[in-house]
Amino acid sequence: MSELTITLMRLGLLVALWAFVIAVVGVLRGDLYGTQVTQRRSAPPRGNTPRPVARGAAPARVPAEQRPVGRRPQERGDREPRQLRVMSGPLAGSNLPLREAGTLVGRSPESALVLEDDFASGRHARIYKGPQGWVVEDLGSTNGTFIGQQRLDAPTPVSAGTEIRFGTTIVELRR
């Protein structure tokens, strides 16, 4: 082998070794300091004020729910909950839109509603749209999920105004 080939192989091995060391340091750092949880902001309120349009620019699209085309089809009933409001606990006053596919609640950063509650589990509960309406399901949490004083042991249908307790946090389904 030529001198150049051996030098290139040594440099390649050195680069691979440093890449491995940096990867190991990143994993150790993640294990030592944990996952950084950032505060989530709620969406800004929707206003009905029109935005000014610059001369020659195309007008902005108006979202479907703001178009004056009469009454919307009854895909979602007017009485169905559309958001989850935190009533008490560290995140009191926060709102979260309900997703039909499911809203995960817990301490895990992957949850849609991340609870800062020592009595909540990582994946505490799930709220999803069932065939008859919204359903709350406890996901095997240690301290349980409660509606009033009743602990949930099976998926339970809920309606607007229902208060649900996860640890010390109470949420309510709102329209």
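Biologist: Which residue forms a salt bridge with Arg-174, and how far apart are the closest N and O atoms?

Modeller: Keep in mind that this is a predicted model. Arg-174 is partly exposed, at 30% relative accessible area, whereas its partner is buried, at 12%. That partner is Glu-172, and the closest N and O atoms are 2.6 Å apart.

Biologist: How many salt bridges does a search of the whole structure find?

Modeller: Besides the pair with Arg-174, the side chains of Glu-137 and Arg-126 meet at 3.1 Å, N to O. Glu-137 sits in strand 6 and Arg-126 in strand 5, so this contact ties together parts 11 residues apart in sequence. The search of the whole structure comes to 2 salt bridges.

Biologist: Over the face of which residue does Arg-126 lie?

Modeller: Arg-126 is partly exposed, with 27% relative accessible area, and its side chain also meets Glu-137 in a salt bridge. As for the ring, the distance to its centre is 4.1 Å, and the residue is Tyr-128.

Biologist: What is the order of the 6 strands in the open sheet?

Modeller: Start at the edges: strand 2 (95–97) and strand 8 (150–151) each pair on one side only. Strand 1 and strand 11 pair in the antiparallel sense over 5 bridges, with Leu-84 partnered by Leu-173. Put together, the antiparallel order reads 2-1-11-10-7-8.

Biologist: Of the 31 residues of helix 1, what number is buried?

Modeller: Helix 1 covers residues 3–33 and reaches 45 Å from its first C-alpha to its last, close to the 45 Å expected. It lies largely in the open, because the number of buried residues is 0.

Terms used. Residues are numbered from 1 along each chain as its sequence is written. This is a predicted model: local features need pLDDT of at least 70, side-chain atom pairs count only at pLDDT 80 or more; totals for chains, interfaces and linings use all residues. Side-chain values use heavy atoms; hydrogens and water are left out. A charge sits over a ring if NZ of Lys or CZ of Arg is within 6 Å of the ring centre and within 35 degrees of the ring normal. Two strands pair if DSSP finds at least two bridges between them. Helices (H or I, at least four residues) and strands (E, at least two) are DSSP runs, numbered from the N terminus. The expected span of a helix is 1.5 Å times one less than its number of residues. Buried means under 20% relative accessible area, exposed over 50%, partly exposed in between (1.4 Å probe, protein chains only). A salt bridge is a side-chain nitrogen of Lys or Arg within 4 Å of a carboxyl oxygen of Asp or Glu.
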